[in-house]
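Trainee: I should be grateful for a close look at a single part of this structure.

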Amino acid sequence: HYRLLRAARKSCSRVMSQTKSIVARLKGKVPADKALAAESLAALAMEKARRQPIVTAGALPLLVELLRTGTPEGRLHSAGVLARLSEDAHIRTLIVSEDALPALIEVLKDGTGLAKANAAGCISWLPNDKPTPALIVAAG
């Protein structure tokens, strides 16, 4: 976990390859590995410059799937990544287009306390985009 984060910080040119490596772990079958990968992405997404590489590596659909079907820990970290990514306007649109709202609202209903906070954080950014309020109302 920490090795991946340290390597990503050493060189901007290595950010994408490290991000791809973490995203590849989201495709695995082991729930604990998926949760750890999402936790790593959440840490990376704290830095604005690292958000676009996460999206470019194909993480959004995998994070939304983890949000829908993951373990409580996986859902917690997936919502955390999405909350951080949603701070960027161009990524908010992509999150909405991945149909993340219904999954985020499900986390608000039945997630752990911190997962609910992460989901609410993500949703709180989304109404800034024109079609999103209607989608939030429709999702429940």
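Mentor: The following account concerns one helix and its surroundings. This is a predicted model, in which local features need pLDDT of at least 70, side-chain atom pairs count only at pLDDT 80 or more, and totals for chains, interfaces and linings use all residues. Residues are numbered from 1 along each chain as its sequence is written, and side-chain values use heavy atoms, with hydrogens and water left out.

Helix α6 comprises residues 72-85; helices are DSSP runs of H or I with at least four residues, numbered from the N terminus. The end C-alpha atoms of α6 are 20 Å apart, which agrees with the 20 Å expected for its 14 residues at 1.5 Å a residue (the expected span is 1.5 Å times one less than the number of residues).

Of these 14 residues, 11 are buried, so α6 is largely enclosed by the rest of the structure; buried means under 20% relative accessible area, with a 1.4 Å probe and protein chains only. Among the buried residues are G74, R75, H77 and L85. The buried residues of α6 pack against α3, α4, α5, α7, α8 and α9, contact meaning heavy atoms within 4.5 Å.

One of these partners, α9 (residues 113-125), has an axis that comes within 8 Å of that of α6, and the two cross at roughly 25°. That makes α6 roughly parallel to α9, a term for angles under 35 degrees. In this contact, L76, A79, G80, L82 and A83 of α6 meet residues of α9 including L114, A115 and W125. By class, the contact has nine nonpolar, three polar and no charged residues.

Definitions and conventions
Axes are lines fitted to C-alpha atoms, for helices over the stretch in contact, and angles run from 0 to 180 degrees between N-to-C directions. Angles under 35 degrees count as roughly parallel, over 145 as roughly antiparallel, 65 to 115 as roughly perpendicular and the rest as oblique. Ala, Val, Leu, Ile, Met, Phe, Trp, Tyr, Cys and Pro count as nonpolar, Asp, Glu, Lys and Arg as charged, and the others, Gly among them, as polar. Buried means under 20% relative accessible area, exposed over 50%, partly exposed in between (1.4 Å probe, protein chains only).
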